[in-house]
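Load the model and keep the selection panel open. Each stop below gives a selection, then what to look for.

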Amino acid sequence: MSRKQVFQFLDLPRTMPQRIPLELRTSGDWGEMYGRFALPEAQHQAGRCLDCGNPYCSWKCPVHNAIPQWLQLVQENRIEEAAALCHTTNPLPEMCGRVCPQDRLCEGACTLEEFGAVTIGAVEKYIVDTALEKGWRPDLSEVQATGKRVAVVGAGPAGLACADVLARNGIQAVVFDRYEQIGGLMQFGIPSFKLEKSIVARRRDVLEGMGVQFHLGVEIGRDLPLEQLLEEYDAVFLGTGAYRYTDGGLQGQDLKGVLPALPFLVQNGRIVGGNDPWGRPIAGWEDTIALPDMAGKRVVVLGGGDTGMDCVRSAIRLGAAKVTCAYRRDEANMPGSAREVANAREEGVRFLFNRQPVLIEGDADDQVIGVQVVETRLGEPDERGRQSAVPIEGSHSLLEADVVIIAFGFSPTVPDWLAAQGVEGTPNGRIIAGGGALGDNGRLPFQTTHPKIFAGGDAVRGADLVVTAVAEGRDAASSIALMLNS
Ligand code: SF4
C-alpha cells in the first residue's frame with residue numbers, strides 16, 4: 001500500500017448511504033431510511049481502512065467479523081468472496097449491517113473514530129445485498145452429512161444462527177416457531193424503516209437453500225410437546241427470546257392511551273404493512289391492541305433504549321404533533337444507539353433527560369393526560385457501569401400527553417413445559433445455561449441443566465442486541481456439534 005493510499009482517509013470523509021429525505025420520513029414513509037452504496041462509494045469507504053494491524057473493530061464486534069479482510073476484498077471488487085467471508089462469522093450479516101448500533105460496537109472501536117470511522121455496517125450491508133442479488137449463496141457442497149438432527153425452537157436471530165452453524169457441520173437443523181414468519185423481533189418488533197421485511201424473507205430462502213427446514217406456526221408446548229422433540233432429535237436448541245415487556249409498575253399504566261412498546265410496534269407494523277413481505281397480516285400474534293390515532297397528538301415515550309427510539313420514530317411517522325422521549329439519566333448514559341438518537345432528533349423528537357416518571361395521570365374518563373416526572377441527578381455507577389438516577393426532591397412536574405408509550409425493555413420467561421423437563425431458570429426468567437452469561441457450571445457452553453437441551457440469546461442473557469443473540473446461537477451450535485460428534 002502506498003503512502004498516498006494509507007492517508008486517503010484524510011481526503012475521503014466518512015459517508016453513509018443516501019437517506020430518504022426528511023420530509024418523506026416525517027410524513028409517513030415507512031421505507032428503509034438508508035439506501036445502499038454504489039460500488040465506488042463502498043470502495044471509497046473500504047479504502048479508508050488503515051488495516052491497522054490490531055483490528056479493534058473485529059474485537060469489539062460480538063461475532064468478531066474479519067472486517068479489514070472483507071474491506072480489502074471490496075476494494076478489489078471481489079464482492080462474492082467478501083460475502084463468503086462475512087458468512088464465516090455471521091449468518092445474518094445484511095441484518096446486522098442494518099440494525100447493529102455500530103457506534104457502540106465495530107465503528108466505535110475503529111482507529112479512525114476521531115476522523116470519522118469507516119462505515120463498516122453500511123459496507124457489510126452492501127456486500128451481502130449485492131452478492132445475494134447476484135445469486136451468490138453459501139456453498140455447502142463439501143459438507144459431509146452426519147445423519148444427526150437437531151430441533152431449534154425459535155426462528156429469531158439466535159435460532160437462525162444456530163441452524164446456520166449446524167448446517168455447516170453437516171447436522172440437519174429443523175426450526176420451529178409459533179409465528180408464520182421467521183425473524184422473531186427482527187420481523188415483528190423492528191420497524192421497517194430500519195429493516196424491510198423482504199430482507200428477512202430472503203434470508204429464509206438462503207437458509208432453506210443450505211438445507212435448514214422450517215416448521216412455522218407450530219408452538220412447542222402447545223402444538224407439539226417438548227418430549228417428542230427430545231425423542232425424535234439428537235439435541236434441542238432453545239432460542240425463545242425475550243418477549244415479556246417490563247411495565248415499570250407505574251400507577252396509571254392501565255389508563256386509556258397508555259401502550260406498552262412491543263404490542264405498539266407489532267400492531268403498527270401490521271397496520272402499515274411493513275411486517276409481511278407479501279402484504280398479508282401476520283398470523284399467530286395474539287397480543288393485539290387497539291392503536292389510538294396519533295395524528296396531531298402529543299406522544300410521550302418513557303425509556304431511552306433502541307426500542308424507545310423505534311417508538312418515537314414510529315410515532316413521528318404516524319403523524320404525532322409532538323413527540324417527547326423522557327429518560328431518567330443523561331444522554332451519555334443512554335442505552336440507545338447514538339445514531340438512532342440523532343435520527344430521532346432530526347425527525348423532530350424532543351429529548352428530556354434526567355426525568356424519572358413517577359405516575360401517569362388521567363382524567364375523569366380514564367383517558368391519559370400526562371406523566372408526572374421528577375428531575376434526577378446522577379449518582380454512583382451500577383454493576384453495569386451506568387450511573388444511577390437519584391430523584392431531586394420537590395422537582396416534580398407534569399409532562400402533558402395524549403398517548404404514553406412505555407419502553408422499559410423486555411425480559412424472558414421460562415415456560416412450564418421447560419421446567420417439567422428439568423431445565424432450570426433464574427428467578428427473573430432466564431434459562432440457566434453453562435458457560436454463557438451465567439458462568440460455567442461444568443456443562444458445555446450453552447448447555448442447560450438438561451444434557452440434551454441447549455439455549456442461547458435473549459432467553460439466557462436477557463434482552464440484548466441481534467448480534468449478541470447471533471453470537472450465542474453460533475456458539476451453542478458449536479457445543480452441540482462437539483457433543484454429537486464426540
Ligand atoms: Fe459491526 Fe454488527 Fe457488522 Fe459486527 S455484525 S461488524 S458489530 S455491524
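**Stop 1: an open sheet**

This is a predicted model. Begin with the open sheet of 5 strands, ordered β3-β2-β1-β4-β15 and paired in parallel. Select 213-216 for β3 and 453-455 for β15. These are the edge strands, each pairing on one side only. On average, neighbouring strands here are turned by 20° against each other, ignoring direction.

Now zoom in on one pair. Select 149-153 (β1) and 172-177 (β2): the two run parallel and are joined by 5 bridges. Put A151 in sticks and look across to β2, where V174 stands opposite. While tracing strands, keep one rule in mind: in a regular strand, side chains alternate between the two faces of the sheet.

**Stop 2: the helix across the sheet**

Add residues 466-485, helix α19. Which strands does α19 lie across? They are β1, β4 and β15. Select 235-238 to show β4; α19 runs at about 170° to this strand.

**Stop 3: α10 against α19**

Keep α19 on screen and add 157-168, helix α10. Two packed helices are described by the angle between their axes and the distance between the axes. For α10 and α19, the axes come within 7 Å and cross at roughly 40°. The pair is therefore oblique. The crossing is right-handed.

Show side chains next. From α10, select P157, A158, A161, C162, V165 and L166. Their partners in α19 are V466, A469, V470, G473, R474, A477, S478 and I480. Colour this contact by residue class: 11 are nonpolar, 2 polar and 1 charged.

**Stop 4: α15 against α16**

Hide that pair and select 306-317 (α15) with 338-346 (α16). Their axes come within 10 Å and cross at roughly 20°. The cut-off for roughly parallel is under 35 degrees, so α15 and α16 count as roughly parallel to each other. α15 passes α16 in a left-handed crossing.

Which residues of α15 meet α16? Select D306, M309, V312 and R313. On the α16 side, pick E340, V341, N343 and A344. This contact divides into 4 nonpolar, 1 polar and 3 charged residues.

**Stop 5: a hairpin**

Select 355-362 for β10 and 368-381 for β11. The two strands pair in the antiparallel sense over 7 bridges. G362 stands opposite V368 of β11. How many residues lie between β10 and β11 in the hairpin? There are 5. Click on D366 in the turn and check its backbone: phi is positive, at about 65°.

**Stop 6: an annotated span**

Finish at residues 30-135. The unreviewed UniProt entry places the feature "domain: Dihydroprymidine dehydrogenase" here. Draw a distance between the end C-alpha atoms of 30-135: they lie 27 Å apart. By content, the span is 52% helix and 0% strand.

Next, select 39-47 (α4) and 67-75 (α6). These helices pack at an angle of about 135°, with their axes 8 Å apart. That angle makes α4 oblique to α6. The crossing is left-handed. A42, Q43, A46 and G47 of α4 make the contact with L71, V74 and Q75 of α6. By class, the contact has 4 nonpolar and 3 polar residues, and no charged ones.

Conventions: Residues are numbered from 1 along each chain as its sequence is written. This is a predicted model: local features need pLDDT of at least 70, side-chain atom pairs count only at pLDDT 80 or more; totals for chains, interfaces and linings use all residues. Side-chain values use heavy atoms; hydrogens and water are left out. Axes are lines fitted to C-alpha atoms, for helices over the stretch in contact, and angles run from 0 to 180 degrees between N-to-C directions. Helices (H or I, at least four residues) and strands (E, at least two) are DSSP runs, numbered from the N terminus. Angles under 35 degrees count as roughly parallel, over 145 as roughly antiparallel, 65 to 115 as roughly perpendicular and the rest as oblique. A crossing is left-handed if the near helix is turned anticlockwise from the far one by less than a right angle, and right-handed if clockwise. Contact means heavy atoms within 4.5 Å. Ala, Val, Leu, Ile, Met, Phe, Trp, Tyr, Cys and Pro count as nonpolar, Asp, Glu, Lys and Arg as charged, and the others, Gly among them, as polar. UniProt positions are given in the numbering used here, feature names are shortened, and annotations may be inferred rather than shown by experiment. Two strands pair if DSSP finds at least two bridges between them.
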